[in-house]
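Q: I should like to learn how to read a binding site and an aromatic pair in a structural model. Where should one begin?

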Amino acid sequence: MTSPLALLGGAPAITRPAPHFTWPPLTSATHDAVLAQLRAGISIYDRSGVIAELEDALCGYHRVRHAVLTSSGTAALHSVYAACGIGPGDEVIVPAYTFYATATPLLHLGAIPVLADCDDTGNLDPADVKQRITARTVALMVTHMWGLPADMDTLREITAAHDLLLLEDASHAAGASITGRKTGTFGDAAAFSLNGPKPLSAGEGGFVLTDDDEIYYRVLLHGHYNKRCRNEIPASHDLYPYAVTGMGLKFRIHPLAATIALGQLAHLDTYLEGRNRIASRMRDALRGLPGITVIDAPDGVRSSWYGMILRYQPDQLGGMPIGRFHDALKAEGCLELDRPGSTCPINLHPLFQAPAVLFPRSAQVPAYKAGQFPRAEVFHANTLKLPVWHREEDIPLAHAYTDAFAKVIAHHSDLTG
Ligand SMILES: Cc1ncc(COP(=O)(O)O)c(C=O)c1O
């Protein structure tokens, strides 16, 4: 008997052409706002116009005192570390499982990224963090992977007990929260990316949040020299003499990007509510299928659903390799199903295995090896990621994806026999 599976010649479950998921949602209001900004001006040197509007809106949304827009999330992370005074020889604990830019700015500052393993949600394991603390540790950086907030209560207890700075990379998790408190507001400072597919998107961009005036002034000095520093650092402050040159880097966002993000922010909660509804349906449909495990958020925790992570369990499907399972689902038409590549345990990247090739003076940075962070590595090797749609009209497509999973799983023996 021939198999109904598309990979083996059967009819695919989904025939709709690509793309099945696009982000961010761009409306005629976005077009109008960008055109209006184009006419109003495309260079903004100080905290005025759309830059001030978006920073004010970010402060209001997160209930923090300061927001500084940057050219990227990587730049925001670099500024956070620099503004916290992190420098040569300082150890900063960062997740092994994260996007590499969470850690790479540390190499530029001569600091030492100390990797810590994850738990079975992909987020930092507090117990492993504790074991990595030494006399040289100055900070902990937490990434909220794929939009699910990390266990901030426990992590904050650890940083408080050891007098460490608590920093967040909330790039995946704009709008996510723990009992109503937004990610990016739990520590001393936070960095966000506004890059293309991020829950809050400008196309390209990023921002820093902090309640601390000193960190704020230093973020400005790091990447926003001259006008912003002259206008915003009080003339009586010790740092004011450096206002013109700052630290010499320029990390400003483009006003057109800020315009896009301002429009997106106004709808972020509606988008996330829509995603949450559809994610519930998808999880209900997938839960209980053999071969995959869904990750549930604890009570009171709201994910941004940057992605829905499914953990593949090959032992439940006759040992079928994940690549074969992925190929079978793609053949069924699940074109947006992804196996993340560059977002992986960062000890697997040549940069963290042999940093001295690109950073010759980084002798103190450990040369990490594959196999050192077993939970992160197993998590990554078995990860499949689905997009989470936000519109009611996308519900049939979301169900078509979950039906395709059920079909491939029901017929998995055709692929393993
Ligand atoms: C967790 C995380 N941190 C930082 C970044 C870097 O952001 P950007 O691409 O805006 O520089 C990304 C981008 O993908 C990310 O996923």
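**Reading the ligand site and an aromatic pair**

A: One may begin with a single polar contact. In this predicted model, an N or O atom in the side chain of His172 is 2.8 Å from an oxygen atom of the ligand. Taken alone, the ligand exposes 390 Å², of which the protein buries 90%.

Q: What are the distances from the polar side-chain atoms of Thr74 and Asp169 to the ligand?

A: For Thr74, a polar side-chain atom lies 2.5 Å from a ligand oxygen atom. For Asp169, the distance from a polar side-chain atom to a ligand nitrogen atom is 2.6 Å.

Q: Which residues come nearest to the ligand, and how do the residues of the shell divide by character?

A: The ligand has 15 residues around it, and those that come nearest are Gly73, Thr74, Asp169, Ser193 and Lys198. By character, the shell divides into 10 polar, three nonpolar and two charged residues. Helix 3 (residues 73-83) gives the most to this shell, with three residues.

Q: In which pocket does the ligand sit?

A: The ligand sits in the largest pocket.

Q: How is a pair of aromatic rings described?

A: Such a pair is described by the distance of the centres and the angle of the planes. The structure holds 12 aromatic pairs. Among them is the stacked pair of Phe192 and Phe207, with 4.2 Å centre to centre and 10° between the planes.

Q: Which parts does the pair of Phe192 and Phe207 tie together?

A: Phe192 lies in strand 9 (residues 189-193) and Phe207 in strand 10 (residues 206-210), so the pair ties together parts that are 15 residues apart in sequence.

Note on methods:
Residues are numbered from 1 along each chain as its sequence is written. This is a predicted model: local features need pLDDT of at least 70, side-chain atom pairs count only at pLDDT 80 or more; totals for chains, interfaces and linings use all residues. Side-chain values use heavy atoms; hydrogens and water are left out. A residue is near a molecule or strand if one of its heavy atoms lies within 4 Å of it. A polar contact is a pair of N or O atoms within 3.5 Å; within protein, one must be able to donate a hydrogen and the other to accept it, and residues adjacent in sequence count only if both atoms are side-chain atoms. Accessible areas come from the Shrake-Rupley method with a 1.4 Å probe; for residues, only the protein chains shown count as cover. On a 1 Å grid over the protein atoms alone, a cavity is a set of points where a 1.4 Å probe fits but cannot get out, and a pocket is an open set with protein on both sides within 12 Å along at least five of seven lines; lining residues have an atom within 4 Å of a point. A molecule sits in a cavity or pocket if more than half of its atoms lie within 2 Å of its grid points. Helices (H or I, at least four residues) and strands (E, at least two) are DSSP runs, numbered from the N terminus. Ala, Val, Leu, Ile, Met, Phe, Trp, Tyr, Cys and Pro count as nonpolar, Asp, Glu, Lys and Arg as charged, and the others, Gly among them, as polar. Rings of Phe, Tyr and Trp (its six-membered ring) pair if their centres lie within 6.5 Å; planes under 30 degrees apart count as stacked, over 60 as edge-to-face and the rest as tilted.
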